[in-house]
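Trainee: I'm new to this one and would like a close look at a single part. Could you pick the loop residue you'd start with, and then walk me outward from there?

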Amino acid sequence: MFFNSRNDAERALAAVIKVVNSFELQINPSKTRIIEAKDLVGESWKYSVKRLSISSPRKQQREDIHRYFESLFLLEKKFRDESLIKYGLKHISSIFIKKSNWSLFEAYLLKCGYGFPNTIQVIAQILATYNYHRYVERKDAIKRFCNNLIMSNAATDRHGEVAWLLWICKELKIDVEENAASEVERMASSVCTLILLYLNRVGLVAKLATAAALKSHTQKNALTDSKWLLAYEAGRRDWLGLGNTAYIDDDVFFGPLKDAGVCFYDENKHNVPIFDFKETQEVKDAFDFDTDDSIEDKFEFDEMDEEYFDSQLGLMMILLMSMRKLRSIFNSGFTFIQTGPRFR
């Protein structure tokens, strides 16, 4: 936002803080500042990142990977923009890393995740892509990365980061340790708990809370509190392990949704690979990922916008689409739900 004077900017910021506080939210001071127009640097760092290149020959590519990430870290130190590293990871995600250089590239990915939590979503997609192409053989470092960051981010209620870390565990079949699982269970996040329950169902969680702790989500009033998503989704699948769906079946709102097969979480979803073969499975099985040649023309790339928005925007769009879907369902027969304050 632009203003004619610093006083105007300070008054506007105070008003924004007041409004945000009324929703029990806070402005992040590390992401908020008032600067003179002459000090704006825009996104000049973007063009510096675009000029960085990665070679195809393995030996030169290894040196380029070192140079690429060292340049990223220097640029971030100069511009102090947390989106810079995220943009850099997105930029390099469309470049083929040769298999013999994977361990080096993985180490830099995890370093970015430790230092810049907003990159975890991008890291999840990159790891899922290379795991799909059978690069990820040893998962010890990724397991430590996920469990350590799940614990630290869950302790500070960083729901988005924890959800993506759990998703990495799902994609790569990584065990969630007991201490990390306990931290997730203490969070007020239905999304994180649902993913954790799924991981438990497929044997990737060492230990969950007792049945008594989960029982609180199988009560009729659980469908009207902040964890209604957990109560409905985990209940209809019996992920809570109590075999009780009566509280859903008897509910005037959620009973019809359950009967209609409405769900908000698809356990069969996986990250779409950033790139995949144009050819058949037989070609894929015999393909040499460690050749010195350029291999980009053998693949199709997932279409992505050049601008890399934060996951919150994507979540907002998904939520809006979900509400439109709900509205179409309600309009087709469940008109009584339109008057319910829960869906206002």
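Mentor: Sure, let's start with Asp 238. At 37% relative accessibility, Asp 238 counts as partly exposed, because that value falls between the 20% limit for buried and the 50% limit for exposed. Bear in mind that this is a predicted model.

Where does Asp 238 sit? Look in the loop between helix H12 (228-237) and helix H13 (246-249). What makes the residue worth a pause is its backbone: phi of Asp 238 is near 60°, a positive value in a residue other than glycine. Most residues other than glycine have a negative phi.

Asp 238 has a companion in this respect. Arg 134 has a positive phi of about 65°, and Arg 134 is not a glycine either. You'll find Arg 134 in the loop between H6 and H7. With a relative accessibility of 49%, Arg 134 is partly exposed.

Now back to the helices on each side of the Asp 238 loop. H12 covers residues 228-237, and two names to look for there are Glu 233 and Arg 237. Together with Arg 201 and Glu 267, they are linked in a network of salt bridges. Side chains of opposite charge can pair when their charged atoms come close. On the other side of the loop, H13 covers 246-249, and Asp 249 has a salt bridge of its own. Its partner is Lys 258, with the closest N and O atoms 3.0 Å apart. Asp 249 is partly exposed at 36%, and Lys 258 is partly exposed too, with a relative accessible area of 23%.

How many salt bridges does the count come to? Twelve. One of them joins Asp 290 and Arg 58, at 3.7 Å from N to O. Asp 290 lies in the loop between helix H15 (281-286) and strand E2 (299-301), while Arg 58 belongs to helix H3 (residues 58-79), so this pair ties together parts that are 232 residues apart in sequence. Arg 58 is partly exposed, at 32% relative accessible area.

Another salt bridge is formed by Lys 207 and Glu 178, whose closest N and O atoms are 4.0 Å apart. This pair also links distant parts of the chain: Lys 207 is in the loop between helix H10 (190-201) and helix H11 (211-215), Glu 178 is in helix H9 (residues 178-185), and the two are 29 residues apart. Both ends are partly exposed, Lys 207 at 48% and Glu 178 at 38%.

Let's return to Arg 134 and follow the helices on its two sides. On one side is H6 (residues 120-132), which packs with H4 at an angle of about 15°, their axes 9 Å apart. An angle under 35 degrees counts as roughly parallel, and H4 and H6 are therefore roughly parallel to each other. H4 passes H6 in a left-handed crossing. If you want to see the touching residues, Lys 86, Leu 89 and Lys 90 in H4 meet Val 122, Ile 123 and Ile 126 in H6.

H4 (residues 83-92) is mostly covered, with eight of its ten residues buried. Among those buried residues are Leu 84, Ile 85, Tyr 87 and Gly 88. The three H4 residues that meet H6, Lys 86, Leu 89 and Lys 90, are on the buried list as well.

On the other side of the Arg 134 loop comes helix H7 (residues 140-155). H7 packs with helix H8 (residues 159-172) at an angle of about 155°, and their axes are 9 Å apart. That makes H7 roughly antiparallel to H8. H7 passes H8 in a left-handed crossing. From H7, the residues in contact include Ile 142, Phe 145, Leu 149 and Ile 150, and H8 brings residues including Val 162, Leu 165, Leu 166 and Cys 169.

Finally, step back to the whole protein. The model has 16 helices and two strands. Of its 344 residues, 41% count as buried. The accessible surface comes to about 19600 Å², and 52% of that belongs to carbon and sulfur atoms. Among contacts between residues at least 6 apart in sequence, 71% join residues at least 24 apart.

Key: Residues are numbered from 1 along each chain as its sequence is written. This is a predicted model: local features need pLDDT of at least 70, side-chain atom pairs count only at pLDDT 80 or more; totals for chains, interfaces and linings use all residues. Side-chain values use heavy atoms; hydrogens and water are left out. Helices (H or I, at least four residues) and strands (E, at least two) are DSSP runs, numbered from the N terminus. Buried means under 20% relative accessible area, exposed over 50%, partly exposed in between (1.4 Å probe, protein chains only). Contact means heavy atoms within 4.5 Å. Accessible areas come from the Shrake-Rupley method with a 1.4 Å probe; for residues, only the protein chains shown count as cover. A salt bridge is a side-chain nitrogen of Lys or Arg within 4 Å of a carboxyl oxygen of Asp or Glu. Axes are lines fitted to C-alpha atoms, for helices over the stretch in contact, and angles run from 0 to 180 degrees between N-to-C directions. Angles under 35 degrees count as roughly parallel, over 145 as roughly antiparallel, 65 to 115 as roughly perpendicular and the rest as oblique. A crossing is left-handed if the near helix is turned anticlockwise from the far one by less than a right angle, and right-handed if clockwise.
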